[in-house]
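Dear colleague, please find below the notes requested on this model. They are set out as numbered points, for reading beside the sequence and the structure.

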Amino acid sequence: MLDHLGDVRAFVRVADDQSFTLAAERLGLSRSAVGKCVARLEDNMVTRLIHRTTRSVSLTEEGRLFYEHAIRILSEVDDAESALAQRHQAPTGRLRIDVPIALGRLHILPVLQRFLNRWPEVDAEVSFSDEYRDIVGDGIDVAVRIGGPTDSRLVRRVLASHRLITCAAPDYLRQRGTPRTIDELTRHDRIGFKHASGPVPWHYKVGGEDRDVGVQGNLRLGNTEAIRDACLAGMGVAQLGAFLVGRDIREGRLVPLLEEFERDEPPVCVVYPTRKHVSPKVRLFIEAIRAEWAAGAPWA
């Protein structure tokens, strides 16, 4: 049994330096104390770990095996101590954030404002993009994304569910009628999203199968908030994220359509580069979002 972590540290130091004398100097102990640490460890392990002669120190076969495990044990202990120490550090420095345009403006910036008020030693730099940026290559500390590709370099934590809602203004529906099936959409004015890579289809689930519907409407816009404005103005039917139109629907300015055909969409996530220790500014910013959305996303 390992009763003393200090014995393990002494053993690793001796193995690294191949000397009891050098190990003692680095550890700030006497040579005798280091020798007792290793001897006690060998007694507890009931095996010899180190060959000792007047001229050399070397590991036994069992010592080499134990050394590989010991350095991992000590690394985990050091990581745990460092992680706990960081929890008591106040966040400082520049926080680089990347967010989707509409979601970021409507729902992340208010959280960030309160975060900066609480932690004045942090300054934030926010980029807005609906593209999936290489946050590692671009030096981004943390990003909020809706779905997106998996990346082994990133840690991903779910913040909230995401829905796409087909909707229209009440005045438009009074004039043009309410579509009851997906095929009936062809008889309506549709406001599509024009992405850099081309028109974005609308997503549905029909008979248990995912179905993407191409939007060949009479209006295509390259900004989702502009699509929302056009929809509110009665210019046609649109499919938009709940985070963008949830309040409009609750307050009756827009009417949800074809809800029985909605399908599960990738969630809203926070992602950040994989590191042994997450800096206080990143950790606390993520905690701020999760705390404010604990009872449900603001658009739910």
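The points below concern charged pairs, a surface patch, selected loop residues and backbone angles.

1. **Status of the model.** The coordinates are those of a predicted model. The remarks that follow should be read with that origin in mind.

2. **Salt bridges overall.** The model holds 28 salt bridges. Points 3 to 5 take up individual pairs and a network.

3. **E125 and R96.** A salt bridge joins the side chains of E125 and R96, with an N to O distance of 3.8 Å. This pair links distant parts of the chain: E125 belongs to strand 4 and R96 to strand 3 (residues 93–99), and the two are 29 residues apart. E125 counts as partly exposed because its relative accessible area is 39%. R96 is likewise partly exposed, at 30%.

4. **E287 and R283.** In this salt bridge the closest N and O atoms are 3.4 Å apart. Both E287 and R283 lie in helix 9 (residues 280–292), with a spacing of 4 residues, or about one turn of the helix. The partners fall into separate classes of accessibility: E287 is partly exposed, with a value of 32%, whereas R283 is buried, with a value of 13%. Since buried means under 20% relative accessible area, R283 at 13% meets the criterion.

5. **R253, D248 and their network.** R253 and D248 form a salt bridge whose closest N and O atoms are 2.9 Å apart. D248 is buried, with a relative accessible area of 2%, while R253 is partly exposed at 36%. Both residues belong to a network of salt bridges that also links R228, D229, R247 and E251.

6. **K281 and D141.** Which charged residues are buried yet have no salt bridge? K281, in helix 9, is one of them; the nearest side chain of opposite charge is that of D141, 4.2 Å away. D141 lies in the loop between strand 4 and strand 5 (142–146), and it too is buried without a salt bridge, with K281 as its nearest side chain of opposite charge. A salt bridge requires the nitrogen and the carboxyl oxygen to be within 4 Å, so the separation of 4.2 Å leaves this pair outside the criterion.

7. **Polar contacts and surroundings of the same pair.** Each of these side chains reaches a backbone atom. That of K281 comes to 2.5 Å from the backbone oxygen of R94, and that of D141 comes to 2.7 Å from the backbone nitrogen of R96. R96 is also the residue that forms the salt bridge with E125. Leaving out residues up to four places away in sequence, K281 touches P91, T92, G93, R94, L95, F115, V122 and D141.

8. **Nonpolar surface patch.** I101, L109 and F128 together form a nonpolar patch on the surface, with about 210 Å² of accessible area. F128 is in strand 4 (residues 122–128). With a relative accessible area of 37%, F128 is partly exposed.

9. **M235.** Where does M235 lie? It is found in the loop between helix 7 (224–232) and strand 13 (238–241). M235 is partly exposed, with a relative accessible area of 42%. Although M235 and I191 are 44 residues apart in sequence, their C-alpha atoms are 7.6 Å apart in space. Apart from neighbours within four places in sequence, M235 is in contact with D189, I191, L219 and A230.

10. **Q113.** This residue is part of helix 5 (residues 101–118). Q113 is exposed, with a relative accessible area of 52%. Its C-alpha atom is separated by 16 Å from that of V144, a residue 31 places away along the chain.

11. **Positive phi angles.** Two residues deserve a check of the backbone. Q18 is not a glycine, yet its phi is positive, near 55 degrees; V46, also not a glycine, has a positive phi of about 55 degrees. Q18 sits in the loop between helix 1 (5–17) and helix 2 (20–27), and V46 in the loop between helix 3 (31–45) and strand 1 (50–52). Is Q18 buried or exposed? Q18 is exposed, at 55% relative accessibility, and V46 is exposed as well, at 73%.

How values were computed: Residues are numbered from 1 along each chain as its sequence is written. This is a predicted model: local features need pLDDT of at least 70, side-chain atom pairs count only at pLDDT 80 or more; totals for chains, interfaces and linings use all residues. Side-chain values use heavy atoms; hydrogens and water are left out. Patches are made of residues with over 30% relative accessible area and no salt bridge: like charges are joined within 9 Å, nonpolar side chains (Val, Leu, Ile, Met, Phe, Trp, Tyr) within 5 Å. Accessible areas come from the Shrake-Rupley method with a 1.4 Å probe; for residues, only the protein chains shown count as cover. Buried means under 20% relative accessible area, exposed over 50%, partly exposed in between (1.4 Å probe, protein chains only). Lys and Arg count as positive and Asp and Glu as negative; His and the chain ends are not counted. A polar contact is a pair of N or O atoms within 3.5 Å; within protein, one must be able to donate a hydrogen and the other to accept it, and residues adjacent in sequence count only if both atoms are side-chain atoms. Contact means heavy atoms within 4.5 Å.
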